[in-house]
Amino acid sequence: MLQLVVGQLLNGVIVGTLYAIIALGVTLTFGITGIVNFALGAFMMLGAYFTWYFSDGLGIPYPLAVVLATLAIALVGLVADQVLFRFTRNNLINGLIVSIGLISVIVAIVLMVWTTTPQNMHYVLPGVFRVGGVIVPKMKAVVFGVLLLVILFTYAALTRTWAGRAAYAYAQNPEAAALMGVRTKVLQAGVAAYSAALAGLGGGLYASLYSITPEIGAGYILKGVEAAILAGIGSVMGSFAGGIIIGVAEGVGSIFLPSAYNDAYGLVFLVLILLFKPAGLFAVSSR
Amino acid sequence: MLELDRIDVHYAKNHVLKGVSLNIREGEVVSLVGSNAAGKTTTLRTIMGLKACTAGTIRFAGASLEGQATDQRVAGGIVLVPEGRQVFPRFTVSENLLMGAYHRRDRNRLDDDLDKAYAMFPRLAERRGQKAGSMSGGEQQMLAIARGLLSRPRCLLLDEPTLGLAPRIVDEISLTIRKLAEQGLTVLLAEQNAGMALAVADRAYVLETGRVSLEGTGAELAGNEAVRRNYLDN
């Protein structure tokens with residue numbers, strides 16, 4: 001029993017980092033463009049398909065396929081921002097409508113090209129780690145490590161580089177940032193592309209673990225937004241913790257409760273946390 | 001150095017600035033005096049390119065600013081310390097100051113500039129690690145001015161720097177403006193506090209519902225009957 005709990009705990013942590021990478025994109029986009037970009041889930045799904053196609057279709061080695069897919073999704077995100085989301089700045093409702101439209105278009109294109117048949121990538125890294133009876137597939141450990149590094153890198157970039165500080169300053173006070181000479185349009189486009197790249201990377205890594213279908217984006221964007229809200233929108237390390245909390249709640253919850261209602265366990269946590277901390281767990285006070 | 005020539009600005013259908021012309025010469029302190037909603041803030045925002053003018057031209061150091069975005073104007077040396085201070089609340093004092101230097105090419109070598117800022121505002125030096133959002137209004141105003149100076153302005157625009165501050169802080173701020181003027185900095189000061197604004201200014205303009213109604217030296221305007229009646233208490 002203990003092994004099962006520990007195993008599900010680890011599993012939850014790993015799935016949770018996938019939620020976290022989406023949540024990070026959600027929180028960054030919201031901080032800079034003032035909308036929740038639900039299409040990040042579709043970008044993640046597209047990243048998974050691209051990685052699978054580059055790797056199994058074109059024979060490009062998996063790590064390179066992930067990098068290429070991430071860059072391609074960054075470009076998709078940039079184009080979507082300049083063509084569509086640019087006109088929805090700081091307008092949540094318009095952002096939501098455009099997101100939903102974009103999701104429909106992306107899902108329809110993927111269905112046309114790759115059909116509804118679930119796609120499974122070849123085993124990239126077979127084998128497992130055994131730690132005292134608990135089994136962790138090697139690939140899951142790699143996915144966790146890569147995502148953790150990217151989240152830490154993002155945090156460091158936001159606090160220690162000029163571009164990151166400009167983004168953080170802009171999130172606090174857009175006009176004051178413009179008065180410091182921050183090129184606000186470039187910043188917004190850059191953050192939109194970076195958030196898309198995070199989602200694309202999440203999808204590329206997902207592809208090595210699970211089946212790819214056109215619907216996977218919906219679940220992940222839902223959990224990503226949950227994680228971002230749970231953490232208190234605007235907090236980088238908070239999105240990480242939020243993703244892991246939801247992942248673990250699902251993993252451990254499904255041992256004791258029917259796993260068919262998996263998606264609800266994270267939501268229960270979200271409601272409980274918001275009841276006691278309405279601004280989110282790691283919310284930073286604005287004063 | 002900074003010339004506004006018959007500037008018109010509209011907010012939707014409201015005609016907020018009606019042919020405003022100003023001329024600020026190098027090394028001068030010029031005050032823009034007027035009541036609430038006279039158009040002072042709009043004038044400064046238009047100079048920065050945060051608000052577009054519908055007619056007229058703005059020239060800085062001989063060149064037209066038309067088509068220049070805010071960041072280009074900042075890089076050119078026009079710096080606005082905005083109304084309501086607008087410090088970055090979650091940044092520390094020193095992080096706020098660093099943001100002032102964001103556009104500078106030498107932004108990675110700022111030790112001297114920071115020392116100078118702390119020498120000018122000793123209270124900021126004591127609080128360099130404190131979050132700006134947790135400071136008093138007067139301290140935030142000092143920080144906003146210091147941050148503006150880190151942008152290395154050739155012309156500094158100050159919007160209502162004394163709004164809502166205690167008389168003692170108001171004195172401190174006018175002293176700061178005098179010091180900056182002695183160092184040769186060109187300053188355009190928009191103020192409701194006409195007494196203070198006319199006292200520090202070489203020249204001043206009175207703005208009334210979007211029009212320049214009077215101009216003259218600070219002393220001339222301070223002695224003007226209409227100005228005394230409408231803007232000064234005595």
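How many helices and strands make up the secondary structure of chain A? Select chain A and colour by secondary structure to see: the tally is eleven helices and two strands. Keep in mind as you click around that this is a predicted model.

**Stop 1: chain A as a whole**

Stay with chain A and trace the sequence from its start. The elements come in the order α-α-α-α-β-β-α-α-α-α-α-α-α. Now turn on the C-alpha trace and orient the view along the principal axes: the C-alpha atoms of chain A fill a box of roughly 60 × 50 × 35 Å. The radius of gyration of chain A is 19 Å, which agrees with the value near 19 Å for a compact globule of 287 residues.

Next, colour chain A by relative accessibility. Of its 287 residues, 51% count as buried. A contact map is a good companion here: among contacts in chain A with a separation of 6 or more, 75% are between residues 24 or more positions apart.

**Stop 2: Leu272(A)**

Select residues 262–276 of chain A, which form helix α11, and pick out Leu272(A) within this helix. Is Leu272(A) buried, exposed or partly exposed? Its relative accessibility is 45%, and because the partly exposed class runs from 20% to 50%, Leu272(A) counts as partly exposed. Then add Leu230(A) to the selection and draw a distance between the two C-alpha atoms. Leu230(A) and Leu272(A) lie 42 residues apart along the chain, and their C-alpha atoms are separated by 9.6 Å.

**Stop 3: where chain B meets chain A**

Bring chain B into view and select the residues in contact across the two chains: 26 from chain B and 20 from chain A. Together the chains bury about 2,300 Å² between them, with carbon and sulfur atoms giving 64% of that area. Show Phe88(B), Arg90(B) and Tyr102(B) as sticks; this trio supplies 30% of the area that chain B buries against chain A, more than any other three residues.

**Stop 4: polar links across the interface**

Which side chains meet in a salt bridge here? Zoom in on Arg45(B) and Glu175(A), whose N to O distance is 2.5 Å. The count between chain B and chain A is one salt bridge, and there are four residue pairs in polar contact, both residues at pLDDT 80 or more.

To finish, highlight α1 (40–48), α2 (70–76) and α3 (93–100) of chain B, the elements that each give two or more residues to the side touching chain A. Colour that side of chain B by class and you will find 14 nonpolar, seven polar and five charged residues.

Key: Residues are numbered from 1 along each chain as its sequence is written. Chains are lettered from A and ligands numbered from 1 in the order in which they are written. This is a predicted model: local features need pLDDT of at least 70, side-chain atom pairs count only at pLDDT 80 or more; totals for chains, interfaces and linings use all residues. Side-chain values use heavy atoms; hydrogens and water are left out. Contact means heavy atoms within 4.5 Å. Buried area is the accessible area (1.4 Å probe) that two parts lose on being put together, summed over both. A salt bridge is a side-chain nitrogen of Lys or Arg within 4 Å of a carboxyl oxygen of Asp or Glu. A polar contact is a pair of N or O atoms within 3.5 Å; within protein, one must be able to donate a hydrogen and the other to accept it, and residues adjacent in sequence count only if both atoms are side-chain atoms. Helices (H or I, at least four residues) and strands (E, at least two) are DSSP runs, numbered from the N terminus. Ala, Val, Leu, Ile, Met, Phe, Trp, Tyr, Cys and Pro count as nonpolar, Asp, Glu, Lys and Arg as charged, and the others, Gly among them, as polar. The radius of gyration is taken over C-alpha atoms; the globule rule is 2.2 Å times the number of residues to the power 0.38. Buried means under 20% relative accessible area, exposed over 50%, partly exposed in between (1.4 Å probe, protein chains only).
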